[in-house]
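Biologist: I have a model open here, and I'd love to go through it with you. Shall we take it piece by piece?

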Amino acid sequence: MKKILIIHTGGTIAMTVDNNNVAEPSAHNPLIQEIKRITSNDVSITSEILCNLPSNEITPAIMLQLAQRIQKAEHDGFDGIIVTHGTDTLEETAYFLDLVLPNRIPVVVTGAMRAANAVGADGLHNIQSAIWTILSPTAYNQGVMVVLNDEIHAARYVTKTHTTNVATFKSPLTGPLGIIADQKAVFLQTLTHHAPAYPLTQLKDKIYILTTYTGMDSLLLDAIDNKQTNGVVIEGVGAGNVAPAMLPGIYHLLAHHIPIILVSRCINGFAEAIYGNDTGGANLQKDGIIICQGLNGAKARIKLMVGLSIGKTGQELANFMHDALS
């Protein structure tokens, strides 16, 4: 019999809507009892509540607590883990877990776009799909997975693309790992590379994200240029370019040995060192900015947080931050 632990953290999946269709957290997770309806005889399901928060209130400290709970569950003999989570920051938590957990048992993060009592509620179905995914022998060695709307995605590539649609989670660069069909997980591809796990006991904080826009200056860069700042992620335009008036602020941060990671604000494609003008990626990389390929700003921040927390600096940090696979 397979033993699966479901760890609940809150989010829309654990909310109910009132008569005005406003979703709010419930005092008791409405899905705890419902899960019993989808449990088969060959699976033992244990549910526990880590927290009951909308995902905009999830912090890196809670992510670390979650990772530690999952590691203990593996030690206690669970065959797979499901995490229910609000969708707004689900991809960040899933990617954090992908970086810090050893890739030994399947871990699936799921959620819902509709509250538990809403018309067309998708939470229970997504949990069922997560269970079917964990039961698949092919679910091993896939890294942390995100399962919603009958699709299975790799945590490192998936992102939320729509504010309310149930088909919000997509992997623009790669497509899904697989789908749910005929009450089982069907994997269409596998991950070709697994980065080592980076277990943590504490996390570096004060890492910021700034999105480049036309006419942007150094005001925000100067505001975070202080001894408390540990790192900055800049979402550049296009293939990784910035506005000219940002350069003084960028060079001040680099002079103070604050690492800057450059990604693209585009939903698809890579930041690349292909433009050699003063504000282009090639010149910025030459002057010390680290270009990160295949991660959006939110995930690049998570990876930078992990890299700094395990003590990486200089070229080691640059190698670590190079792409989604490093």
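Biologist: Happy to start with the helices: which hand has the crossing of helix 3 and helix 8?

Modeller: First, this is a predicted model, where local features need pLDDT of at least 70, side-chain atom pairs count only at pLDDT 80 or more, and totals for chains, interfaces and linings use all residues. Residues are numbered from 1 along each chain as its sequence is written, and side-chain values use heavy atoms, leaving out hydrogens and water. Helix 3 (residues 90-100) and helix 8 (residues 297-309) have axes (lines fitted to C-alpha atoms over the stretch in contact) that come within 9 Å and cross at roughly 35°. A crossing counts as right-handed if the near helix is turned clockwise from the far one by less than a right angle, and this one is right-handed.

Biologist: How many residues of that contact are charged?

Modeller: Contact means heavy atoms within 4.5 Å, and the residues making it include E91 and Y95 of helix 3 with K299 and I302 of helix 8. Asp, Glu, Lys and Arg count as charged. The split is 7 nonpolar, no polar and, as charged residues, 5.

Biologist: Are the faces of strand 14 covered or exposed?

Modeller: Side chains in a regular strand alternate between the two faces of the sheet. In strand 14 (residues 231-236), 6 of 6 residues are buried (under 20% relative accessible area, 1.4 Å probe, protein chains only). G231, V233 and E235 lie on one side and V232, I234 and G236 on the other, so by that definition both faces are covered.

Biologist: Which residue stands opposite I234 in strand 15?

Modeller: Strand 14 and strand 15 (residues 260-264) pair (at least two DSSP bridges) in the parallel sense over 5 bridges. The residue opposite I234 is L262.

Notes: Buried < 20%, exposed > 50% of the residue type's maximum accessible area, 1.4 Å probe, protein only. Helix = DSSP H or I, 4+ residues; strand = E, 2+ residues; numbered from the N terminus. Axes fitted to C-alpha atoms, helices over the stretch in contact; angles between N-to-C directions.
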